[in-house]
Amino acid sequence: MRERPETGSGHRIRAALLAYLPPLLLFLLVGAFWEWIVHARNIPRFLLPAPSVIALRIVTDWQNLLSNAGATLLAASSGFLIGTAAAVISGIVFVYSRTVERAFFPWAIIVKTVPILAIAPLLTIWLGFGIAPKIAVAAIACFFPTLVNVTRGLRSLERSVIDFMTIIHASKADVIRHARLYAALPYLFSAMKITVGMSVIGAIVAEFTGANQGIGTIIVNAGYRQDAVMLFSAIIVTSMATIALFYIVVLVERRALFWPGADIDQ
Amino acid sequence: MVDAGHSSGVTLTVPKSRHFVEVSGVSKIFADGESSTEALRDISFSFPRNRFVSLVGHSGCGKSTLLRIIAGLEQVTAGSLSVDGMTPDEFSHDRPFGFVFQDAGLLPWKTTLENIRLPLDVMRFETPLVREERARSYLRLARLDGFENRYPSQLSGGMRQRASIARSLCYRPEVLLMDEPFGALDDFTRREMSDELLRIYAEQQCSVFFVTHSLPEAVLLSDHVVVLKPRPGRVEAIIDIDLPRPRSANVRSSSEFRRYLDQLEEMIFGDGHA
Ligand SMILES: Nc1ncnc2c1ncn2[C@@H]1O[C@H](COP(=O)(O)OP(=O)(O)OP(=O)(O)O)[C@@H](O)[C@H]1O
Ligand SMILES: [Mg+2]
């Protein structure tokens, strides 16, 4: 399908330009204004460094930033996958049995209401300074929103679909396999697009309370040294990484929601 | 006591009930919390096997409820009903009902063919190859050739209904229940669809209960028309349609057809009753 006529692809490039040009222009404009105000007002570097200075720091320090960002991302995405999987499995179990749901839902709410900032040091005490506490915090951050969404999605079947499944004597497992799982997919991805960012934040928070590597440790150290340039570099690298993770989720979503009209986020 | 449909000459077991479908004194009250709705009161009728029965009446007179009760999707509040001498649940244990919904009720993530095959898959019918073949033959019966790989949202309303009918016919139900299957369609498509249903019914004999708002549709298709009156739903009359079968679409222009139609219209819309 790649053999599109020249005019067609030209059209597409123009459409893409039209879509991406305004945000890109605004981005450059804000950057230029920032650069200008720092120089014009002589703002000291430890308060607000100019974008050019930050960019230079990212370039010169890239190995350090990359390896630490990699550690954070590995923890965040592992936690994201584990938390999401746990939520999906719990959702399915809840659909199987209302009794189990009634018994376990309060626990899920407790997990949700415990502040991550408070639980992170505990997990570090229990699990050490390695990757484990980061994964745990990231997973906990993802779990509840996904659980709520997936459970609602699993229950979102139309009445006539449920009735028809009853008519043909479909078992609970059949209804889940043929209908509920698909009905839940749009809800799942809707949740994942939000929780993927939360998992990165969760991993960084865990690094704050003690870790041997990661963006969180960079931020803590730079904070002690009042190194605003490094803080900004860490922030920018983190958000770029988070955006990358977000688009991976979007890419998987496009594959998974294969039927027309599936996407609930329009 | 001998049913015309039975051909066995030896056994003389007395059937529990005379007719294939027997509804006697069925009432249904929906009660949730403080409010309760009497949907059906003292409904009785019975029909032999392989008849086409239409249920007509004003909106809210309990047609859907009655159909769902026959299918075993709702329980009766009072009265009883039997299908082939059994409760709907017992009957459907080995012979699932066919059920066609107003909104088709297809699964959006399955293609037309997968949707038609779904009941066979769920029932683990023979082998996957046989299911595939069976589903394809019903796809053709519903004149959906060429659309087997489309998803429901890519079909027209009429095609969705045909897929839904094919899905319900492919496991060859002895009893087919249809709740306003053409209700969401425009007049033109609707007429085409009732002609199709006439053809399909002639090809595959089964007992049909068909809810409709269209009186011409009811007369064209049915052997019997049950007229219900509302609040609460009761049987007003049962009209036998003695038009010869096989019927074709042009029976519509016959004078008997008009006569039945006038009779029904008078009964439902006439001023002569409360
Ligand atoms: N699940 C339910 N809970 C409470 N009341 C119900 C329920 N289902 C139906 N009813 C009530 O029962 C009555 C009959 O409803 P039903 O849907 O059977 O009517 P109908 O003849 O199919 O109407 P229509 O032609 O509009 O489809 C209505 O008053 C309705 O409000
Ligand atoms: Mg109805």
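**View 1. Charges on chain B.** In this predicted model, chain B carries 33 positive and 38 negative side chains. Take the centre of each set, and the two points lie 3 Å apart.

**View 2. The surface of chain B.** Now for what chain B shows to the outside. Its exposed area comes to about 12,900 Å², and carbon and sulfur atoms supply 49% of that. As for the residues tucked away, 53% of the 274 residues in chain B count as buried.

**View 3. The fold of chain B.** Count along chain B and you'll find eight helices and nine strands. The radius of gyration is 19 Å, close to the 19 Å that the globule rule gives for 274 residues, so chain B is as compact as a globular protein of that length. If you follow the C-alpha trace along its principal axes, it spans about 55 × 50 × 45 Å. Contacts also link distant parts of the sequence: of the chain B contacts with a separation of 6 or more, 68% are between residues 24 or more positions apart.

**View 4. Where chain A meets chain B.** Here the two chains touch, with 22 residues from chain A and 28 residues from chain B taking part in the contact. How big is an interface? People often answer with the accessible area lost when the parts come together. Between chain A and chain B, the buried area is about 2,000 Å², and carbon and sulfur atoms give 66% of it.

**View 5. A closer look at the chain A side.** Which residues of chain A lose the most area to chain B? They are Phe164(A), Ile167(A) and His178(A). Together, these three make up 30% of what the chain A side buries.

Key:
Residues are numbered from 1 along each chain as its sequence is written. Chains are lettered from A and ligands numbered from 1 in the order in which they are written. This is a predicted model: local features need pLDDT of at least 70, side-chain atom pairs count only at pLDDT 80 or more; totals for chains, interfaces and linings use all residues. Side-chain values use heavy atoms; hydrogens and water are left out. Helices (H or I, at least four residues) and strands (E, at least two) are DSSP runs, numbered from the N terminus. The radius of gyration is taken over C-alpha atoms; the globule rule is 2.2 Å times the number of residues to the power 0.38. Buried means under 20% relative accessible area, exposed over 50%, partly exposed in between (1.4 Å probe, protein chains only). Contact means heavy atoms within 4.5 Å. Accessible areas come from the Shrake-Rupley method with a 1.4 Å probe; for residues, only the protein chains shown count as cover. Lys and Arg count as positive and Asp and Glu as negative; His and the chain ends are not counted. The place of a charge is taken as NZ of Lys, CZ of Arg, CG of Asp or CD of Glu. Buried area is the accessible area (1.4 Å probe) that two parts lose on being put together, summed over both.
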